[in-house]
Amino acid sequence: MTNHNVFTPKDMPLAAAAAVAANATLHYSYPPPRSIGGAADYAGFKKLLTQLEHRSNSGGSSGGWIGSWLDSMRASSPTHVASAAAVLTSPSLMAPCTAEYEEWMKQCPSASNKFEEITAKSKGKKIVMFLDYDGTLSPIVDDPDRAYMSEAMREAVRDVAKCFPTAIVSGRCRDKVFNFVRLAELYYAGSHGMDIRGPTKSPKNIREEKAKAILCQPASEFLPMIEEVHKVLVDKTGSIQGARVENNKFCLSVHFRCVDQKKWDALAEQVKSVLKDYPKLRLTTGRKVLEIRPTIKWDKGKALEFLLESLGYANFSDVFPVYIGDDRTDEDAFKVLRDRGQGIGILVSKVPKDTSASYSLQDPAEVMNFLRNLVEWKLRSLDDRVKV
Ligand SMILES: O=P(O)(O)OC[C@H]1O[C@H](O[C@H]2O[C@H](CO)[C@@H](O)[C@H](O)[C@H]2O)[C@H](O)[C@@H](O)[C@@H]1O
């Protein structure tokens, strides 16, 4: 089991630096990652993409408790700004952070800086993209209903999907995440992978009938139970200001981002008392959220495997899955890739975390840059082939 975001007193400077980074108004003083090509280059490549498109057209997280409820909630929320100023102004506090970050960077280097290494690894293989939504394609915000992705990000994802089969894998319910992304040519795995659907508009790189046939809902029998628990939780948590229960169809999210920290314990107790009557449901933690889901052995890792199989890409030798995500629940997918020795996992994080991913990116902005670079690289290699 990974030990994400677990901060002990000795980690306090690091936690404070995390706060600085996670709140994005201040920046962690670390060398910015190298980028390949800027906006101008990208416009040129967009033109090339359109040309090449025409040319080709003619041919677990693991469940259970991690310590106490409250510890677990705190562990998933290292985003307070309280000590940020102290960190920024104190060299003695900054030094250990940098050393620790540098150490982490050795284990989980920047995918931007290692771009050539990544593309070299994928040589001769078919890249398949898996993208988490919240915190990966959209920045984390207080109101889950307003977690919009930018138009620029949408365009980058659209371009990626023209080059590689692309799936969105999210804890949100499939319809909701689709309404945010609004790209019909993608695969969507909602409810932490428990609701998978192929594209409604056929992507260029997949046979239409194959794409449309993909559908997987391994937790259907839990629907009535989830509905019931949703109602009970809304009722029980109603008195806690800022608490919010989100119905994600096959799972539920209890948000505490806007709850006063003094009330976290009370909220945890409420959730705990409800779940006592539902032993077939388990709880995991995400970014200031308690996630309630069926105890079935299904997670984002299983969803990734399902999609690879369905697409006929399960073969080790000719597929290179790239999974990008920021959350504990994405660790299940990173682990699958690591265990299979196939493709790469990229963790989106500005702070050191225990992870099964092999690379990192700092935030959605850097994810967008990475996606654009992949498209440019792909088009460059296609164009080179055409020239030959
Ligand atoms: O798998 P994901 O796509 O990363 O979804 C995980 C949860 O993301 C959302 O919550 C998170 O983002 C919110 C908006 O930025 C933020 O307010 C919240 O604190 C985060 O936990 C979503 O609302 C949940 O339903 C997903 O399970």
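In this predicted model, β8 and β9 make up a hairpin whose turn holds two residues. One of the turn residues, Lys 288, adopts a positive phi of about 50°. The two strands run antiparallel and are joined by six bridges. Among the residues of β8, Arg 282 has Arg 293 of β9 as its bridge partner, while Leu 283 is matched with Ile 292 of β9.

The hairpin belongs to a wider arrangement. An open sheet of four strands is formed in the order β6-β7-β9-β8, with antiparallel pairing. Its edges are β6 (residues 244-247) and β8 (residues 281-286), each of which pairs on one side only. From one strand to the next, the twist averages 20°. On its other side, β9 meets β7, to which it is connected by four bridges, again with the strands running antiparallel. Here Leu 252 stands opposite Ile 292 of β9, the residue that also serves as bridge partner to Leu 283. β9 is mostly covered, with six of its six residues buried. Helix α10 (residues 223-237) lies across β6, β7, β8 and β9, and runs at about 15° to β7.

It is then worth turning to the ligand, where two of these strands appear again. The shell around the ligand comprises 24 residues, and the closest are Tyr 133, Asp 134, Pro 144, Ser 170 and Gly 171. By residue class, this shell divides into 10 charged, eight polar and six nonpolar residues. Both β7 (residues 252-255) and β9 (residues 289-294) contribute at least two residues each to the shell.

Across the protein as a whole, there are 14 helices and 12 strands, and buried residues account for 45% of the 388 residues. The largest nonpolar core has 57 residues, of which Val 160, Ile 168 and Ile 346 touch the most other members. Helix α14 (residues 364-387) provides the largest share of this core, with eight residues. A separate core of 23 residues lies apart from it, including Ile 226, Leu 233, Leu 252 and Trp 298. As for Val 160, its contacts beyond four places in sequence are Met 129, Thr 166, Leu 371, Leu 374 and Val 375.

Helix α13 (residues 331-340) is another well-covered element, since seven of its 10 residues are buried. These are Glu 331, Asp 332, Ala 333, Phe 334, Lys 335, Val 336 and Leu 337. They pack against β1 (residues 126-131), β2 (residues 166-169), α12, β10 (residues 319-325) and β11 (residues 344-348). After α13 comes Gly 341, with a positive phi near 60°.

Helix α12 (residues 300-310), one of the packing partners of α13, contains Leu 304. Is Leu 304 buried or exposed? Leu 304 counts as buried because it has 27 C-beta neighbours inside 10 Å, where 20 or more are required. Setting aside residues up to four places away in sequence, Leu 304 touches Ala 333 and Val 336, along with Phe 130, Val 169, Pro 321 and Tyr 323. Ala 333 and Val 336 are both among the buried residues of α13. By way of contrast, the C-alpha atom of Leu 304 is separated by 34 Å from that of Thr 98, a residue 206 places away along the chain.

Key: Residues are numbered from 1 along each chain as its sequence is written. This is a predicted model: local features need pLDDT of at least 70, side-chain atom pairs count only at pLDDT 80 or more; totals for chains, interfaces and linings use all residues. A residue is near a molecule or strand if its C-beta atom, placed from the backbone, lies within 6 Å of it. Ala, Val, Leu, Ile, Met, Phe, Trp, Tyr, Cys and Pro count as nonpolar, Asp, Glu, Lys and Arg as charged, and the others, Gly among them, as polar. A nonpolar core is a set of buried Ala, Val, Leu, Ile, Met, Phe, Trp, Tyr and Cys residues joined through C-beta atoms within 7 Å. A residue is buried if 20 or more other C-beta atoms lie within 10 Å of its own, exposed if 12 or fewer, and partly exposed in between; C-beta atoms are placed from the backbone. Two residues are in contact if their C-beta atoms, placed from the backbone, lie within 7 Å. Two strands pair if DSSP finds at least two bridges between them. Axes are lines fitted to C-alpha atoms, for helices over the stretch in contact, and angles run from 0 to 180 degrees between N-to-C directions.
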